[in-house]
Amino acid sequence: MAGILGPRLTAFAACLKGGIHASYTGTEKVLGFLGVNVCRATICNKIKKVSAALGFAHKELLALLPEQECLNIDETGHKDNPFNKPIDHTKHWIWVFAATTFTVFKIFDSRSTDALRVVLGPDCQSLVGADFYSAYKCFMKEASIKVQFCWAHLIRDIKFLNESSNKVTANYGDRLLKLSKLIFHLQHRRKELGEPVFRRRMMRLKEKFLATGCNSNAVGTNNMVNRLKKYGKEYF
């Protein structure tokens, strides 16, 4: 990587571009403040070289993902998915796989279960933290993973029920919200209480939460009831 930018400045430019998502113009200006005047084309070429140099490490970490005890996974639309693109334009999604000591990003042209099949494979036995997106539920049936579904998404949906104009529906949401607060309050006292006491109390709250959540005929609660009946244990 010899040339106008040495190894350290090249790495610095790559951190600006990839680490904090600075634009090429912004990266050019920062380097200029340091007394290094380079054009955007040069920076672009250096970034490509850094990307190629990191390729081996990226593949190595990808290969380690199925062996991890715990993984937090999420996906979002890539910036190459603007609304004004042609209908036949190939869309992309960026997936993040966060292990305990490292994080891997990978871009796919799919948001389906195929991404999980490719990265984790059928023999993966990780505990996966994820939202309630269907790809994770599908992968649960194919692999030996355990899933911890996201409480933030669950609480958001409970709040929606709590704000219903239907009083019965709102009361159902209110009961679940109050139980959710008790669950998190208990979680925050885990070390203070000790594991045996914590587990006994959490089991009681779990049973009460699921009994409440799985029992409602109110308007608009059907999805939540079915969700907790089928996947309630994956929240604990």
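**Figure 1. Salt bridges in the model.** There are 10 salt bridges in the structure, which is a predicted model. A word on the background to these views: side chains of opposite charge can pair when their charged atoms come close. The next three figures each take up one such pair.

**Figure 2. Arginine 117 and glutamate 142 form a salt bridge.** Here the side chains of arginine 117 and glutamate 142 meet at 2.6 Å, N to O. The two partners belong to distant parts of the chain, 25 residues apart: arginine 117 is in helix H5 (residues 114–119), and glutamate 142 is in helix H6 (residues 134–142). Arginine 117 is partly exposed, with 35% relative accessibility. Glutamate 142 is partly exposed too, with a relative accessible area of 37%. Please look for Asp114 in this view as well, since Asp114, Arg117 and Glu142 are linked in a network of salt bridges.

**Figure 3. Arginine 227 meets both a carboxylate and a ring.** The side chain of arginine 227 joins that of aspartate 157 in a salt bridge, at 2.7 Å from N to O. Aspartate 157 belongs to helix H7 (residues 151–162) and arginine 227 to helix H11, so this pair ties together parts that lie 70 residues apart in sequence. On the side of the ring, the charged end of arginine 227 sits over phenylalanine 132, 4.4 Å from the ring centre. Arginine 227 counts as buried, at 11% relative accessibility, while aspartate 157 counts as partly exposed, at 23%.

**Figure 4. Glutamate 195 and arginine 199 pair within helix H10.** In this salt bridge the closest N and O atoms are 3.1 Å apart. Glutamate 195 and arginine 199 are four residues apart in helix H10, so about one helical turn separates them. Glutamate 195 is partly exposed, at 32% relative accessibility, whereas arginine 199 is exposed, at 53%.

**Figure 5. The charged end of arginine 111 sits over the ring of tyrosine 133.** The distance to follow in this view is 3.9 Å, from the charged end of arginine 111 to the centre of the tyrosine 133 ring. You may like to set this beside Figure 3, where arginine 227 sits over the ring of phenylalanine 132.

**Figure 6. Phenylalanine 149 and tyrosine 231 form one of the aromatic pairs.** A search of the whole structure finds 12 aromatic pairs. In the pair shown here, the ring centres of phenylalanine 149 and tyrosine 231 are 5.8 Å apart and the ring planes stand at 90°, so the arrangement is edge-to-face. Phenylalanine 149 is in strand E5 (residues 146–149) and tyrosine 231 in helix H11 (residues 222–231), so the pair ties together parts 82 residues apart in sequence. Phenylalanine 149 and tyrosine 231 are both buried.

**Figure 7. Phenylalanine 209 and phenylalanine 236 also form an edge-to-face pair.** Their ring centres lie 6.0 Å apart with the planes at 65°, so this pair is edge-to-face. Phenylalanine 209 comes from helix H10 (residues 195–213) and phenylalanine 236 from the segment after H11, so parts 27 residues apart in sequence are tied together. Phenylalanine 209 is buried, with a relative accessible area of 1%, but phenylalanine 236 is partly exposed, at 28%. Widen the view and you will find one aromatic cluster formed by Phe132, Phe149, Trp151, Phe184, Phe209, Tyr231, Tyr235 and Phe236.

**Figure 8. The largest nonpolar core has 48 residues.** In soluble globular proteins, nonpolar side chains tend to be buried together. The residues with the most contacts inside this core are Leu65, Ile73, Trp95, Leu116, Leu120 and Phe209. Helix H8 (residues 167–188) contributes the largest share, six residues. Both domain 2 (68–149) and domain 3 (151–232) give residues to the core, so it lies between them. A second core, separate from this one, has nine residues, including Leu5, Leu31, Val36 and Ile47.

**Figure 9. Threonine 169 makes a contact to the backbone of valine 219.** Threonine 169 has its place in helix H8. A polar atom of the threonine 169 side chain lies 2.6 Å from the backbone oxygen of valine 219. Threonine 169 is buried, with a relative accessible area of 1%.

Methods
Residues numbered from 1 in each chain as written. Predicted model: local features only at pLDDT ≥ 70, side-chain atom pairs only at ≥ 80, totals over all residues. Heavy atoms only, no water. Phe/Tyr/Trp six-rings, centres within 6.5 Å; stacked < 30°, edge-to-face > 60°. Helix = DSSP H or I, 4+ residues; strand = E, 2+ residues; numbered from the N terminus. Buried < 20%, exposed > 50% of the residue type's maximum accessible area, 1.4 Å probe, protein only. Lys NZ or Arg CZ within 6 Å of the ring centre and 35° of its normal. Salt bridge = Lys/Arg side-chain N within 4 Å of Asp/Glu carboxyl O. Core = buried A, V, L, I, M, F, W, Y, C linked by side-chain atoms within 4.5 Å. Domains from an automatic or database assignment. Polar contact = N/O pair within 3.5 Å; in protein donor to acceptor, adjacent residues only side chain to side chain.
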